[in-house]
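Me: I have a chain open in my viewer and would like to walk through it with you. Could we take it one question at a time?

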Amino acid sequence: MRTIYLSSQPDAVCEPSVATIGFFDGVHRGHRQLLSVVCKEAERCGLLSMAITFDSHPREVLHKDYQPQLLTTLDEKLVLLSKSGIDVCVVIPFTEQLAALSARQFMQQMLSERLHVRHLVVGYDHRFGHNRLEGADDYRRYAAELGISLSIAPVMHHKGRPVSSSRVRRLLSRGLVDSAEECLGHPYILFGTVVHGYQKGRELGFPTANINVDDERKLLPLRGVYAVKVRLEHSMRIHRAVMNIGMRPTFEGDRPTLEVHIIDFSEEIYGQKVMVALCHRMREERRFSSPEALVCQLRYDVSMVNELFDQELEKLEE
């Protein structure tokens, strides 16, 4: 996939294309269905397939006090988009000036004249343009005036409800990472750096890697203990692990932390980048009466994580 950043490549040449546009946070199964429609239509028309997205969340630009809870950073999103079969991804800098354009102005100035879009595919509920007041009928009329054909992609449902980024966020905020994975089509991922912590886990015989998430705008799931898979920087090996998201109540913690105990692992990894894939929420975080009681629970947590992933392997081998 070729990526064009209009902020640094304003003169990049775009060939005629079939395109879709969106923020694509999470690049979930609904997004991928939309992108599949674009790819098929592009192949039918003999044109390039294009995804158009933005470098920032629109509300983050328009409302300075808004703190987005992102499912994917821009870099993560581009990696996922590259796996969709799309030929080109155009990243547009989202500015107040861009937001002030009407849908008609945006379609003419950006889609038609700048990016040479010949066919536009939009999601069933997609809105763009100033104040997002216009909809599919308006887009069809403007597209016809500009010589662009337009089609509406079907909605994807999961368990009777539309798949959307907001739905995934709600699931994660409730700790339902399994259901979130079903909507995403892939596990929810956190990227971060291993930093020095309180060393309490090491003293208890359960050393933990304290993770500083790379982007503070990333959504953290509900506090609790999770079965996760960890991949270290410069390695393809996947490790089983237990992760706690929370306040460390047994040790009077005063700020949220992400602590990962990698099972059967003893290497020093301070400063390394890690990828954490959340697989299952095992229990809520709670305060224990003593460090010994916590150790007993941690032993049980590790056994449950191993059992969970052993069952996963057995299913794959069936």
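Me: How far is the sulfur of C39 from the closest cysteine sulfur?

Reply: Happy to help! This is a predicted model, in which local features need pLDDT of at least 70 and side-chain atom pairs count only at pLDDT 80 or more, while totals for chains, interfaces and linings use all residues. Residues are numbered from 1 along each chain as its sequence is written, and side-chain values use heavy atoms, with hydrogens and water left out. A disulfide here is a pair of cysteine sulfur atoms within 2.5 Å, and the structure holds zero of them. For C39 the closest cysteine sulfur sits in C89, too far for a bond, at 12 Å.

Me: Is C39 buried or exposed?

Reply: The scale calls a residue buried under 20% relative accessible area, exposed over 50% and partly exposed in between (1.4 Å probe, protein chains only). C39 has 19% relative accessibility, so it counts as buried.

Me: Which elements cover the buried residues of α1?

Reply: Helices (H or I, at least four residues) and strands (E, at least two) are DSSP runs, numbered from the N terminus. In α1, the buried residues are G30, H31, L34, L35, V38, C39, E41 and A42. Contact means heavy atoms within 4.5 Å. The cover of those buried residues includes β2, β3, α3, β5 (117-122) and α7 (165-173).

Me: What span should helix α1 have, and how far apart are its end C-alpha atoms?

Reply: The expected span is 1.5 Å times one less than the number of residues. Helix α1 covers residues 29-45, which is 17 residues, so 24 Å is expected, and its end C-alpha atoms agree at 24 Å.

Me: In what order do the strands of the open sheet stand?

Reply: Two strands pair if DSSP finds at least two bridges between them. In the open sheet, β2 (residues 17-21) and β3 (residues 48-54) pair in the parallel sense over five bridges. The pairing of the open sheet is parallel, and its six strands follow the order β1-β4-β3-β2-β5-β6.

Me: Why is one side of β1 and of β6 left without a neighbour in the sheet?

Reply: β1 (2-5) and β6 (149-152) each have a single partner strand, so one side of each lacks a neighbour, because both stand at the edges.

Me: At what angle does helix α3 run to β4?

Reply: Axes are lines fitted to C-alpha atoms, for helices over the stretch in contact, and angles run from 0 to 180 degrees between N-to-C directions. Helix α3 (residues 74-82) lies across β1, β3 and β4 (88-92), and its angle to β4 is about 160°.

Me: What is the average twist from one strand to the next in the barrel?

Reply: Six strands close into this barrel in the order β9-β10-β13-β12-β11-β14, with antiparallel pairing. The average twist from one strand to the next is 45°.

Me: Which residue in β12 stands opposite V225?

Reply: Strands β11 (residues 224-232) and β12 (residues 238-246) pair in the antiparallel sense over eight bridges. Opposite V225 in β12 stands N244.

Me: How far apart in space are H261 and V302?

Reply: H261 lies in strand β13 (residues 257-262) and, at 11% relative accessibility, counts as buried. Among its contacts, leaving aside neighbours within four places in sequence, are F206, R240 and V302. H261 and V302 are 41 residues apart in sequence, and their C-alpha to C-alpha distance is 8.9 Å.
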